Structures are given as structure tokens and as C-alpha cells.
Amino acid sequence: MNLLKTTLDNGLTVLVRESHTAPVTSFWVWYRVGSRNEHLGITGISHWVEHMMFKGTERWPRQKLDQTIAREGGYLNAMTWYDFTTYYETLPSDKIFLALDIEADRMSRALFDVDEVAAERTVIISERQGAENNPLFLLDEEVAAAAFRVHPYGHDTIGHLCDLQTMTRDDLYRHYRTYYAPNNAIVAVSGDLNAGEMLRMIEQYFGALDPSSEIPPMLAQEPSQRGERRVWVEGNAGTDYVMLAYHSPEATHPDLFALTVLSTVLAGGASSLVGSGALTNHTSRLYRAVVERELAADVSASLIPTVDPNLYRITATVLPDRAADQVEEALLAEIKRVQREPISRDELEKAKQQAQALFAYSSESITNQAFWLGFSEVFADYTWFRSYLSRLDAVTVEDVLHAAQTYLIPQNRTVGHYRSIEH
Amino acid sequence: MPLTRMQRALPGPDDTLRETLPNGITVLARENFASPAVVIHGYLEAGGEDESLDQLGLANFTLDVMERGTHRRSFEQLYTEVEAVGASFGLGAGSHLTTFTGKSLAKHLPMLCDVISDVLRNPAFPNEQVTRARGEILSAIRELKHNTRAMANEVFHTLIYPENHPYHWNNIGREDTIASISREALVDFHKRFFTPRGMVIAIVGAVKVEEALKAVKITFADWDKERPTRTPLPPVPPLRECIRKEVPIPDKTQSDLVLGWVGPPRRSADFMTCHLANTVLGTFGMMGRLGETVRSQNGLAYYVYSRVDGGTGPGPWRAIAGVDPNNVDRTVTLILQEIQKLREELIPAGELADSKSYLTGSLPLHLETNEGVAQALTNIERYDLGLDYLQRYRATIEAITATEVQAAVQRWMDTAQYAVAIAGPELGKSH
């Protein structure tokens, strides 16, 4: 992998990867701000700021911004999650300068017009309402809130409705000015380019931007959980769901890789490799325990690499005429088994083979390559991704047993049931 | 006109293998050694169109069980073999076609081809898997009934297509038909309709095209079977009035709405013109004119866009939005106003040029992945577009005039006679 990594004088971290498979380039700017940096009263603010960044600057007004990229055959988008807000453009390589121009400009000169803030408030609320139509969103929101009573990972990125109704333009602008600065950002580029030339372009567009004098540290730490927590959500979705959420370590913790293998054995396919696509999980232990036994329609798991300890989630869709309790019981029996007996060598080998394939899929497109450069830099550094397979390969059967006994214990667990109540 | 560097990067006749085997299977293959992966994407002619109304969902049910074991491999053996190496495969049911997909590291392509061939040709339909699939489909139907987006779409199709047309129905089936379909019906459906006639298989990735062709020949060349002839699709009468249907779904906070008409089939001479018109209306930039009006200026929706499907038959042309229940009527009015404007006024030259530029420029980005290329190749084959289609694409789009776009909108989108389906909280009772 031909990669250049450096830091500009103003603190901007830059990663550039040459990849000459197609005449396109993907340019990403990552800010180290997300729902992790929010508190009650301003939950959802990072995501809302992301929306406001599409409302433009003096030089790049609203419509000109997205239309210019579209006109050149590119696309742009943005995402906000726990630890980051990111913006990206993928374009024909000879037009990539447009991405640098736009992103450098809106790093410090976004307008936050009062009328635009008002129009976007209803759009954001509509986005939340759309999510509320999904029973799994409602369940996940309650489970996370119960699992975290101190750390901001306990609220969803979209934010609480009351905060979306009351936040002001000044709140949003203050958040923007606090966190949007070169010394709190990462530029990640991959594509058909010359790394040296790209670095010079980045210096030209971003080099003169002033760093922020102080990025507020996020100091909250979730205290250890001292007993199982339970939540119930009732609604009229026609289907019941079960979620088990265990506190899991941060991305840089050595146990994360053992937990990745454990999750693969339990529910299939290297869940910490976000965005690599789905494999079926029909030979996983939990599938056999609840789907083959005709208790659940499906079961899946997620382990998201984050800056701070987060949750390892297992979710199952209860079949009609079956009870959520039955599904939970069957899931927990499998979890006890994996704590009692080591997994087999074959299971370990299979998990590693699956990770190898998923890793190959995850770096297939240029856009995905740039995604991983930046994403891994947010919670660790790019070597996390580069060494992913070798670290996974080093995991032993004993490491997996240790991870199961350390993390999948009842005291560390929040159980959520979604009960469908026909009105 | 010489090809530009961007155009040369697109799949074309020079770097795509195309060969039709004696049994009717067309093989397409293209190399991409950027990553060590390979994908398979293909289809054969078996789908919802081949099932009767009292067995609605039969095609989808059959595919679901086909994925669960063959005469050579039990469910356990099948998935142990595939999952052990991080590969995957799947079948999907459409109105006309069964699609199949597969993905693996390139070195496992022979295994992947063998598995897909086995599943398509030798399914065992084990009794216990029929029972399990039935339960899972019933669960999925229940979930759909509470999904506002899915319900608005399902109801919209019932408004614009007559009952004797396959597009009227959701091919997942109904609870009563799924409950009553027997194992024998699944076996019979497979026996009658799964044949190599008209089958297409595209293989794209880190495999030499000769190797890809060889893998298909080894696993499919000895399959030979006829299938019953299909009757032509029934005609779709145009709408004679505005039809509006609301589906109340309790315990929801947002309404989804689908507004539109029957559109042109993919092979229609009008399709590309409609595609360009649709880009202006509901795609370009942040969801075209609809996004600008409904979302950006009025803040009514998080998503609002439009799409024209094309397809074998006349797929729909529709606008789709998720809005606060109190804003449904206002959103419908704004969508209709934008369409009316397209009917009455020529699109300004600059705006049309922007949309053309977007369509032609973004082509390489849609083809960034092996899946994207494989899908493009199977589409080219399905609709007889020619292997040079992607390289001709720019010229095709550039040739469309504003007058043609206006005429197409006038032909297909009659703002006095449209259908709209709304699913969500009961209107008038929310908030």
C-alpha cells in the first residue's frame, strides 16, 4: 500500500493513498466530534451541524455546492456517528480540487443562516420521526440509554426530540466553531493521484487555516456496571425483538480482536469490519440455537470500533407464536457454553478465513479505501486497519475464552425486549 | 470521436468476454485485479409472473427453500462450505426473473460456481426447511405490514396496475397463500421453470476471463432443459382519475407517501429521455427539484426523491417522500407543482446540461465495485443494449433535447390523473 501520512503545521492530519485502478479519487475530511461530545440539552447537535454544512458558505452557497459536484459526475455526502463527523466527495481525479476547495472553505466559513437553521429543524425532526417508525431503533435507543448512565454513547446520534425542538442557531454555531478546526481534523484521500502533488494541494487549500486554541476534552467514563439491567419497549410493530448488549472494550484495546473472533463464532462475519458487506451466518452458534430451532427469524451481532468502550449487541427477531423469553433463554444458553468451553480450532480457523475475505471486500472500491484510512485514524490510527488481519490471526482459543468470560457476564449486560401490543 | 480516458476505463467490447453456450446460457466476464475478490451476478427466467394468484408468493418461497439444501449438499454442508471461506451466495425473486449473486475470494470461484449451480439445479426441498422458511416468510410479511415505506409502495402498485398484472402484487405473497403452499408446489415450480434457456451469468473480479468461462462450463454446460413459453404481459390501462389511498398504521410518527404513474419499460425509446427528466425532477444534487422545494426550501421531509424503474414491463415512475403526517397534503401539492412546471416549461439549458453532465460523469463511480460492473453487464444483456452501451452512453444522453424531455413528461406524468398512496399514522388523528 503506497501511503503518505503527515501533519501540517496547523495540526491537520493528512493521509494519502495512491490507487490507480480507476481514474477517480475519493477525498474525506473527518472531524473528531460526534455524539460522544454532546450532553443533555444539545444531543443531536453534531448531526445537525453536519446538515448545516450543506447550507453553504459565501463562496459555496447551498445549491452551488452539491450541484457543482454532481455536474462533474461526482457525489458528496456526510455521516455523523459516535466519534466523528465526516464529509466526502468522490470525483473524476482531474476534478478532485473541487472537493479540497469546498471542504477547506466550509471548515471555517459556514454561514449558519437563521432561516436555514429553522428550515432544517423540521427536516431533522422528520429524520428522527422516520427512525421512530422502526421498532429496532426504539429498542436500541432504550437499551443504550440503560447501558450508559454517564457516557454520551447512551444517546443516539440523531438526538432527543426535545433538544431538536429547542436548540438554537447560536448553539449550533458555537459547536461548529469549537470543533471544526484543522487540529481536530483528518484528511484522508485515496485514488488515481500522485501523493506528493496531492499533499501540496492540501497544503495550498488547508495550510492557512487557523487551529483552534482549545478542543474541549471528553472526560466522561462509564462506571462498571454492577448488575444486569432490563428494559421493555411496547409498541404495535406486529413483531417482537430481543436485544442483548454487553459493554465492550474500545477499538485500541487488545481484547477487541478476540471479541471479534468470538462474535464471528456466535453470530458470523467479522462484525468489527464495518461496511464490508454481509455474509450469511447459518453455521454460527446463535443461528443454530434460535433460527434452526424455529424460535427466531434471524439473529445478528454488531461490534463497532469506537474511541471509548461501547456495546457489543446481539439482536434477534422473534418468530410469530414464539416468546421473547424463549429466544433470550436460548441465546443465553449459548453464551454460557462459550464461557464454559473453549471454541474449537476449526471455528477459530473459520473466523480468520472469513475476516480475510471481508477485509478484501472492504478495500475493493476507492471510496471504501479512503473511508478506512480516515475511520481507523479517528479511533486508533491507520495501522489498526493495516494490521487488522495479522492481529486477528494472532488470536488464540484461550484469548476467545478469556474474552467471553470477561465481557459476556450477566453483570455487564443490558437486556431489551420489544413487545408488540396489538391495539 | 475518440474515447476519453474516463470512457476507456468503462467496460466495453474490448475487455468483456461474451459467449453463449449451446444450452442457452450467456456468459459475461471482465477482469479486475484491484482486490483479490470476485463476484457473480446473474439471472434466469423464473419469477412471480409464473405463479397463479391463489399461490401468490410461490416463486419467492421456492427460492427461499432452494437456498436451504440440495441433493448433494445438506443445509449444514452447503453453508459450512461457503461460510468457511468467507464466501456468500443468494437468490432473489422478481416479477420476471430469479437473480442470483455470489461473492468470494477469487481462488474460490470454482467452488462458488459449483454451489450456485447445485442450488439452481438440484434443490432437495427438505421438509423441515420448508416449515422453517414458511415461518420466516410469515414473520417478514408481518414486519412489512408495519413498515410505512413498504406499505405505501405496495399499495401504490395496487392503484396503478390491474389485478391480472404481476406488478399489482407484492411477490412475497400473503399470509393465507404462504400458509397453504405445499412442498409439492415448490418442487413443481422449480421443475417447470428453472432451465438454462435465457440464463445470463456475469463474473467480474480477480480472475482471467478464460478461467471464468471455464468455471461456468464445468458447472452449467451439461444442463439442458426447455421451459414453458410465457404469455405476453396484460396491458395496463391509463389512470382515468386521481386515486388516493391511505393506509393507517398505528403507533407511527411519520407518514410515507408514493405518488406517480406507470412509466416506460426499459426497452422503450422513451426510457432514456424519462431517465434524464427524472434526474432533473428528483435526483440531481440533493434530490433534484423535489429536494430543493420540499426539503431545502420548505423543510418538510428528510427524504424526497423520484425514480423511474424501466424494467421488462412498464415499471412505475414515482415520487417518494417521508413526512410529518400534518404535512402530507402540502407535500403532495408541492410535488405536483414541480411536475406541472416540467410539463409547462422547457428546462433551462444550463440546468439540463448539469443533469446530463451528472449522468455521464458519474458512470465510472457506479462502476467502482465488481458488483456494480456485474450488474451493469447483466442489464446490458437483459435489455439488448450492446456491449458498447457504456461507452456510447455519453453520446446517447447528450443527444436528448429539452423539448424531448418536456414531451416525455407530458406523455407519462399527467398531473390531473395520478395515484398516491400514504401509509402512516391515521391522518387527521395525529399530533
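Two strands are said to pair if DSSP finds at least two bridges between them. Keep that in mind for the first view, and remember throughout that this is a predicted model.

**Figure 1. A hairpin at the start of chain A joins strands β1(A) and β2(A).** Strand β1 (residues 3-7) and strand β2 (residues 13-18) of chain A run antiparallel and pair over 5 bridges. To find one of these links, look for A:Thr7, whose bridge partner in β2(A) is A:Thr13. Between the two strands lie 5 residues. In this hairpin, A:Gly11 takes a positive phi near 95°.

**Figure 2. Helix α1(A) is largely enclosed by the rest of the structure.** How many of the 8 residues of helix α1 (residues 45-52) of chain A are buried? The count is 7, so the helix is largely enclosed. Buried here means that 20 or more other C-beta atoms lie within 10 Å of a residue's own. You can pick out the buried residues by name: A:Ile45, A:Ser46, A:His47, A:Trp48, A:Val49, A:Glu50 and A:Met52. Their cover includes β4 (75-80), β5, α4 and α7 (169-179) of chain A.

**Figure 3. Chain A is divided into two domains that touch each other.** Domain 1 of chain A covers residues 3-206, and domain 2 of chain A covers 229-420. Taken over C-alpha atoms, their centres are separated by 28 Å. Domain 1 of chain A brings 35 residues to the contact, while domain 2 of chain A brings 29 residues. On the domain 1 side, the elements giving two or more residues are β2, β3 (24-31), β5, α5 (135-147) and β6 (185-191) of chain A. Which of them gives the most? It is α5(A), with 10 residues. Sorted by class, this side of domain 1 of chain A has 19 nonpolar, 9 polar and 7 charged residues.

**Figure 4. Chain A and chain B meet in a contact of their own.** Here chain A supplies 55 residues and chain B supplies 58 residues. On the chain A side, two or more residues come from each of α2 (62-71), β5 (85-92), α4 (114-132), α12 (345-362) and α13 (366-379) of chain A. With 10 residues, α4(A) gives the most to this side. The chain A side is made up of 18 nonpolar, 26 polar and 11 charged residues.

**Figure 5. Helix α3(B) keeps its buried residues on one side.** The helix runs over residues 75-83 of chain B, and B:Leu78, B:Tyr79, B:Val82 and B:Glu83 are buried. Why are these four on the same side of α3(B)? They cover an arc of only 105° around the axis, which puts them there together. The partners they pack against come from both chains: α12 of chain A, together with β4 (88-93) and α4 (109-121) of chain B.

**Figure 6. The domains of chain B also touch.** The assignment gives domain 1 as 5-220 and domain 2 as 243-424. Their C-alpha centres lie 27 Å apart. The contact takes 35 residues from domain 1 of chain B and 40 residues from domain 2 of chain B. On the domain 1 side, elements that give two or more residues include α1 (5-8), β1 (16-20) and β2 (26-31) of chain B. The largest share, 9 residues, comes from α6(B). This side of domain 1 of chain B divides into 20 nonpolar, 12 polar and 3 charged residues.

**Figure 7. B:Pro166 sits in a loop of chain B and is buried.** The loop lies between α6 and α7 (175-180) of chain B. B:Pro166 has 23 other C-beta atoms within 10 Å, so it counts as buried. Leaving aside residues up to four places away in sequence, B:Pro166 touches B:Gly48, B:Glu49 and B:Ser95. Look also for B:Leu233, which is 67 residues from B:Pro166 in sequence and 8.2 Å from it in space, C-alpha to C-alpha.

**Figure 8. Helix α15(B) has the span expected for its length.** What should the 13 residues of helix α15 (residues 370-382) of chain B span at 1.5 Å a residue? The expected span is 18 Å, and the end C-alpha atoms are 18 Å apart, which agrees. Buried residues of α15(B) include B:Val373, B:Ala374, B:Leu377 and B:Ile380. The buried residues pack against β1, β2, β3, β6 and α16 (389-398) of chain B. Just after the helix, B:Asp384 takes a positive phi of about 50°.

Notes. Residues numbered from 1 in each chain as written. Chains lettered and ligands numbered in written order. Predicted model: local features only at pLDDT ≥ 70, side-chain atom pairs only at ≥ 80, totals over all residues. Domains from an automatic or database assignment. Contact = placed C-beta atoms within 7 Å. Nonpolar A, V, L, I, M, F, W, Y, C, P; charged D, E, K, R; others polar. Buried ≥ 20, exposed ≤ 12 C-beta atoms within 10 Å, placed from the backbone. Arc of directions from axis to C-beta. Expected span 1.5 Å × (residues − 1).
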